[in-house]
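Me: I am new to this structure and would like to learn how to read it. Could we take a few features in turn, the general idea before the case?

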Amino acid sequence: MRIGFIGLGIMGSPMAANLLKAGHVVTGYDVSSQRVDQLAELGGKGVASAVEAVAGAEIVITMLPDSPQVEEVAPLVIEYGRPNLLYIDMSTIKPETSRWVARKAAETGVRTLDAPVSGGERGAVDGTLSIMVGGAAEDVEAAGPVLRALGTTVVHVGPAGAGQTVKAANQLVVGGIYGLVSEAIVLLEASGVDPGAGLDVLAGGLAGSRILELKRHTMVKREFNPGFRIDLHHKDMGIAVAAAREAGVSLPLTGQVAQLVAAARAQGHGSLDHSALLKVIERLNA
């Protein structure tokens with residue numbers, strides 16, 4: 001299929017590369033000309049504007065940092081897209097923004113899906129992302145071959161905005177686990193127990209998780225090279241707290257995790273991986 005891809009960052013670049021590997025024709029745009037050039041080196045077509053990426057595309061995918069960027073780009077996709085275009089926004093944004101995009105697109109016959117992802121940079125590179133999709137069932141089916149080139153778990157979770165709500169739930173769980181793993185490391189070390197051996201045991205039992213599988217060794221070594229930055233998780237926790245307020249529910253642990261992530265950012269760790277929550281827990285115990 002002819003795919004326009006807008007947003008070639010840490011996640012978008014490997015996702016676009018996987019679409020090329022799957023045989024799709026990918027035209028990409030990013031504010032960084034270097035990333036556009038990298039796509040061209042892989043066999044894609046790099047262009048100088050979002051409008052050029054949209055022109056002639058059967059499917060347009062956006063992978064952008066936050067709601068304001070989607071609100072800026074979505075009207076261009078809707079205006080310049082071909083009739084019956086399928087627009088898949090894979091950014092992590094507010095559910096209300098996804099619903100707004102869906103309403104605007106429906107006015108011109110553009111079909112939309114909100115399809116945020118989980119799995120981090122590693123999942124984007126390996127094509128093993130978990131993709132939670134909101135929108136019409138027939139549009140999810142039409143997008144299936146493209147989404148399956150990007151992820152191994154693709155689930156239709158409901159109407160427009162539902163994908164973003166599930167992603168908010170994902171991020172509050174991920175943040176909570178990082179916080180608890182951090183506390184486990186601090187407890188083990190303060191008690192004179194080898195944290196590496198201790199976490200190996202936890203990873204093999206009921207406490208096991210994907211986070212322990214992928215991050216326990218680097219956390220013990222205090223290696224926080226970003227796969228997913230604290231800055232972005234701070235944004236996502238804000239979305240989760242706002243979603244809870246909109247739904248009229250109390251999520252006390254989510255609020256606490258949001259404050260820990262905010263503290264990490266305030267302490268200057270925004271560019272580090274979200275596993276750097278360990279630095280906040282250590283500082284509390286210094």
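Me: Which way do the residues of strand β5 point, and are they buried or exposed?

Reply: Helices (H or I, at least four residues) and strands (E, at least two) are DSSP runs, numbered from the N terminus. Buried means under 20% relative accessible area, exposed over 50%, and partly exposed in between, with a 1.4 Å probe and protein chains only. In strand β5 (residues 86-89), L86 and I88 point one way, Y87 and D89 point the other way, and all are buried. This is a predicted model, with residues numbered from 1 along each chain as its sequence is written, and its side-chain values use heavy atoms, leaving out hydrogens and water. Local features need pLDDT of at least 70 and side-chain atom pairs count only at pLDDT 80 or more, while totals for chains, interfaces and linings use all residues.

Me: In which sense do β4 and β5 pair?

Reply: Two strands pair if DSSP finds at least two bridges between them. Strand β4 (residues 59-62) pairs with β5 in the parallel sense, over four bridges. V60 has Y87 of β5 as its bridge partner, and T62 has D89.

Me: What does β4 itself look like, and which way do its residues point?

Reply: I59 and I61 point one way from β4, V60 and T62 the other way, and all are buried. Strand β1 (residues 2-6) also pairs with β4 in the parallel sense, over four bridges. There, I3 has I59 of β4 as its bridge partner.

Me: How should I read the sign of phi?

Reply: Most residues other than glycine have a negative phi. N84 is not a glycine, yet its phi is positive, about 65°. N84 sits in the loop between α4 (67-80) and β5, and it counts as partly exposed because its relative accessibility is 47%. R222, likewise not a glycine, has a positive phi of about 60°. R222 is placed in the loop between α10 (210-220) and α11 (230-247); its relative accessibility is 26%, so it counts as partly exposed.

Me: How far apart in space are K104 and P75?

Reply: Separation along the chain and separation in space are two readings. K104 and P75 are 29 residues apart along the chain, and their C-alpha atoms are separated by 7.9 Å. K104 lies in helix α5 (residues 95-106) and, at 35% relative accessibility, counts as partly exposed. For another pair, N285 and V133 are 152 residues apart in sequence and 41 Å apart in space, C-alpha to C-alpha. N285 lies in the segment after α13 (277-284) and counts as exposed because its relative accessibility is 54%.

Me: How many helices and strands does the chain have, and how compact is it?

Reply: The chain has 13 helices and nine strands. Its radius of gyration is 20 Å, close to the 19 Å that the globule rule gives for 286 residues, so the chain is as compact as a globular protein of that length. That radius is taken over C-alpha atoms, and the globule rule is 2.2 Å times the number of residues to the power 0.38. Of the 286 residues, 48% count as buried.

Me: What share of the contacts joins residues at least 24 apart?

Reply: Contact means heavy atoms within 4.5 Å. Among contacts in the chain between residues at least 6 apart in sequence, 65% join residues at least 24 apart.
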